[in-house]
Amino acid sequence: MSFRQARWDEPLLWEIRPPTGGEGVDPIAGIPERMRRKRRLSWPELSELEVVRHYTRLSQMNFGIDTSAYPLGSCTMKFNPKVSEKIARLTDAQEVHPYQPEATVQGSLEILWRLERMLARISGLPEISLQPAAGAHGEFTALLIARAYLADRGELGERTEVLLPDTAHGTNPASAAMAGFTTREIRSKDGCVDLEELRAAVGPKTACFMLTNPNTAGLFESEIGEIAKAVHGAGALLYYDGANLNAILGVTNPGRMGFDLAHLNLHKTFATPHGGGGPGAGVLAATEALGPYLPVPRVVKQGRTFHLDYDRPRSIGKIKTAYGNFGLDLRAYAFILSHGEEGLRAISRRAVLNSNYLGKKLGEYLPRPFRTLVKHEFLLSGTPLRAKGVRTLDLAKRLLDEGVHAPTIYFPALVEEALMIEMPETESVRELDAFADAFVRAVKDTPENLRAAPRNLSVGRVDEVRAARELRLSWKDLREAGTAVSTASAAL
């Protein structure tokens with residue numbers, strides 16, 4: 001199409017003209033019959049104003065870390081510093097291609113190499129791979145390394161079992177099963193691993209024991225030295241789930257506690273974006289003995305230049321395209337540099353202080369299982385709510401009416417009607433007090449209001465079972481569902 005502006009003395013209109021020589025030509029004629037649409041597009045008929053208002057309202061309804069806190073236990077949902085976001089959006093970072101010649105990406109390779117050195121010091125384990133795309137991916141990679149290591153020792157056929165505490169994250173048994181192992185649960189005693197049960201379970205069949213420390217009850221496994229001794233004494237490996245590393249930064253580390261493998265969640269501990277289905281980073285750390293099995297390529301320094309080393313004959317191979325998620329690595333690198341060693345230690349101290357401060361306040365209204373001195377998160381039990389016909393789920397829904405995000409509920413399973421709460425170091429005492437006040441109002445509300453919540457949101461109480469079975473993820477799904485309902489009503 002071409003456009004011609006009217007003369008000054010003509011009406012002020014834009015006139016569309018077909019291309020020269022195109023008069024009378026059918027634009028559809030050149031399209032093969034088999035590629036032509038058989039029916040008209042079914043677009044919703046909306047004006048620009050309606051579309052703009054719709055998406056603007058959606059943005060105002062959305063809950064995000066930039067506007068409110070996420071007290072989700074085990075998730076460590078902290079604020080993402082804008083300086084890290086700005087650095088990751090620099091042209092030199094955004095436009096680099098993973099398959100450029102090494103000589104053209106020396107700066108990027110140096111950042112990866114330096115980040116590995118930093119994470120090695122933080123974790124206490126000398127060998128680092130930045131490849132895994134998420135925490136669960138890091139777990140899976142670690143168990144593939146365990147398989148390769150046991151195969152080299154001629155023990156893979158015998159060591160087929162992975163031990164897990166009953167406080168383990170759900171991804172732990174899933175990763176073990178995907179790697180070809182069977183799993184066996186070790187029960188807790190007063191919220192921590194029952195050492196005697198572990199000693200009785202570990203043996204010639206054990207490939208690995210997977211453990212989080214502090215665990216999901218917010219408790220530090222104080223017998224970790226004896227746990228490591230029992231596992232290593234049986235010839236097995238000890239794996240660290242790094243979900244709760246934020247509680248011990250600069251105070252202790254997996255290497256000091258005797259772990260052989262560990263994954264570190266950059267999104268939980270080092271403030272890269274968390275959730276939303278986007279890229280993640282589940283960095284894997286390993287002892288020197290297990291280093292040769294890490295994924296290729298490895299970033300190495302030779303003189304003043306950096307290279308990608310694929311010559312690792314015992315490596316399990318590549319477990320992700322390219323070399324990891326560089327944007328998240330860059331954010332974590334900026335975060336670590338901006339805090340420094342003492343700053344990272346202060347993060348853990350503040351996180352532990354926040355947890356104990358809030359736990360003490362809320363413990364006056366619901367019971368706290370196990371010991372009350374915790375690390376980064378704490379547990380409450382909603383069992384007293386049963387007396388008035390209310391569940392923990394109802395309390396969580398009622399908190400939404402207060403404008404705050406609900407905590408993690410019904411996990412870990414060893415606590416009835418569990419609520420797991422974590423307010424990371426980025427949240428101020430004002431935010432903690434506001435959440436506590438909202439929590440108290442919700443607990444004291446009437447059973448009727450609790451069971452009917454939420455009432456103040458755009459969507460009320462959802463039938464979770466129906467929502468899972470009848471997914472409506474687009475305008476088309478919604479339209480078709482409405483058509484089906486109208487047809488059924490007409491038949492009646």
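This is a short walk through the salt bridges and cysteines of the structure above. The structure is a predicted model, in which local features need pLDDT of at least 70 and side-chain atom pairs count only at pLDDT 80 or more, while totals for chains, interfaces and linings use all residues. Residues are numbered from 1 along each chain as its sequence is written, and side-chain values use heavy atoms, with hydrogens and water left out.

Let us begin with the charged side chains. A salt bridge here is a side-chain nitrogen of Lys or Arg within 4 Å of a carboxyl oxygen of Asp or Glu, and by this rule the model has 30 salt bridges. A good place to start looking is helix α11, which spans residues 326–362. (Helices are DSSP runs of H or I with at least four residues, strands are runs of E with at least two, and both are numbered from the N terminus.) Within helix α11, E342 and R345 sit three residues apart, about one turn of the helix, and their side chains form a salt bridge with an N to O distance of 2.5 Å.

E342 has another partner too: R349, with the closest N and O atoms 3.4 Å apart. How open are these residues to the outside? Here buried means under 20% relative accessible area, exposed means over 50%, and partly exposed lies in between, using a 1.4 Å probe and protein chains only. E342 is partly exposed at 46%, R345 is buried at 17%, and R349 is exposed at 51%.

Now find R441 and E402, whose side chains meet in a salt bridge of 2.8 Å, N to O. R441 belongs to helix α13 (residues 429–444), and E402 to the loop between α12 (392–400) and β15 (408–409), so this pair ties together parts that are 39 residues apart in sequence. R441 is partly exposed, with a relative accessible area of 44%, and E402 is also partly exposed, at 22%. Salt bridges with shared partners also build a network, which joins R121, E341, E342, R345 and R349.

Finally, turn to the cysteines. A disulfide is a covalent bond between the sulfur atoms of two cysteines. In this model a disulfide is counted when a pair of cysteine sulfur atoms lies within 2.5 Å, and the structure holds zero of them. Why does C208 form no such bond? The closest cysteine sulfur, in C192, is 19 Å from the sulfur of C208, which is too far for a bond. C208 is buried, with a relative accessible area of 1%, whereas C75 is partly exposed at 23%.
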